[in-house]
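Please open the model in your viewer and keep the selection panel at hand. The tour below goes from one helix to an interface between domains.

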Amino acid sequence: MRGIALFGKVKFLDTTLRDGEQTPGVSLTLDEKLAIARGLDLLGVQVIEAGSAMTSEGERQSIKAIAASGLSAEICSYVRALPADVDTALACDVDSVHLVVPVSDLHIERKLKSDRKSVIRKAVEVTEYAKDHGLIVELSGEDASRADHDYLVSLYTAGIEAGADRLAFCDTVGVLVPENTYEIFRSLCNLGAPVSIHCHNDFGMATANTVSALRAGASQAHVTVNGIGERAGNASLEEVVMILESLYKIETGIKCRDIYQLSRMVSRMTRLPLAPNKAIVGENAFTHEAGIHVHGLLADTKTYEPIPPETVGRKRRIVLGKHAGSSSVELALREFGIGATKDQLAQIVSRVKELGDKGKRVSDADLQTIADTVLSIQMEPKVRLKELTVVAGNTVTPTASVKIQLGGSEKLEAGTGVGPVDAAINAIRRAISGVADVRLEEYHVDAITGGTNALVEVWVTMAMADRKITARGAGADIIMASVEAVLEGINRLMRLEEEERSRVQD
Ligand code: MN
């Protein structure tokens, strides 16, 4: 590929906790921010923009906690060109500041009500002030992609003379294209300081532009986990890293196998679900359905996978529906350690197709139930619900009590939660906690019909150790449908574990 040689050593500044947290509706607690910062540090990100110290007292406490947590990464705060901003950052004990200065006339005149000269003067003053106080300074041009290029260069040059350690170029409203990004960065790389690229995804080009800048010699990419950020978001960490690693064969130093886990954590804590078709980390990125593709996968997984899912800490999933051919069913059964003869397989396939024709997606538990029937396997559920009581309302903490039949004995447990469904599931998890450590990874409800008397379908993804399965429950009562799905998942997981153990003993 042309231009590969231009890549230098690439570093990552992750701004999930600053630009990512500016996503509309997102607000993270101190503990959540600390957990994400630890995850980023373990992943190998070099700089963590932990927040903007001026924002609030809570924000300052979070930044301070992150700075004090002994991470290897450089901890950075966003600041404006104001000495007071630098003071608050200093009070949080950060290593560096991301000093952001508007550089387009639009921002300078309309937003700042200032002029080009004053902006340079302030940038220089505050850079010197931050340097005098021992901070690493990354001087950043906001809206640089719509700024006058010569003006931008004169600001950067003045900043370097004032002691700025690094520069950053922000495509604040995501209007760059890869070609001009490349040209711009070829010219900025000779200024005498490393330059970062900060891209927004308004036209879906954040990742492409970031890679283009890196190819042209940018030394650091600003990224966020899952590409979260203001409006359409920022360049996504997982995409940029995997493009460099897998397509350009560049070692980034990032521990790619931990990417998926961190992505799930950020999605959960920010309450921002991912589009199923999101590259690398979306639910469908390594999920296969259509019969013909699975046939290829059976022969060699490389046929329809650009990288093995394990590279980013994921597992291949086979989803069955009416397109399912015998190859897909065979592959799905194989993932569960179920072997079937040709005849049995044909019967299982026709039953799967029957479900698919009714417009149903076939859960892992559905497939196992069908296989049990066809293979005449008697399965006694290990966990059975005997009683469930739920209390909810405006003045009580949602509380559930359950009586569970567990093997030969009965167990009574209670649990609380944010709502009645959560309380019921927590109570069940407690009741079985001595026997199995089961996690609920995903929970999804569909109203099949309209109205408050609607029939609902609940889908859950349950996990035990590193095994995951999907299960489903349906009914007019959302709590009972949820409990049914969760119990089905628990029973299937416990049975799979038992089978695995007996295989090991054989
Ligand atoms: Mn931004």
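Helices (H or I, at least four residues) and strands (E, at least two) are DSSP runs, numbered from the N terminus. This is a predicted model, in which local features need pLDDT of at least 70 and side-chain atom pairs count only at pLDDT 80 or more, while totals for chains, interfaces and linings use all residues. Residues are numbered from 1 along each chain as its sequence is written, and side-chain values use heavy atoms, with hydrogens and water left out.

Select Gly44 to begin: just after α1, this residue takes a positive phi of about 110°. Then extend the selection back over helix α1 (residues 30-43), whose 14 residues should span 20 Å at 1.5 Å a residue (taken times one less than the number of residues), and the end C-alpha atoms are 20 Å apart, which agrees. Among the residues of α1 that are buried (under 20% relative accessible area, 1.4 Å probe, protein chains only) are Leu34, Ile36, Leu40 and Leu43. The cover over the buried residues of α1 includes β1 (11-14), β2 (47-51) and α10 (259-270).

Next, colour domain 2 (287-374) and domain 3 (383-505), with bounds that come from an automatic or database domain assignment. Their C-alpha centres lie 25 Å apart, and 16 residues of domain 2 are in contact (heavy atoms within 4.5 Å) with 14 residues of domain 3.

Finally, show the side chains of Asp372 and Arg492, which meet in a salt bridge at 3.0 Å, N to O (a side-chain nitrogen of Lys or Arg within 4 Å of a carboxyl oxygen of Asp or Glu). Helix α14 (residues 364-374) gives the most to the side of domain 2 that touches domain 3, with six residues.

Terms used:
Buried means under 20% relative accessible area, exposed over 50%, partly exposed in between (1.4 Å probe, protein chains only).
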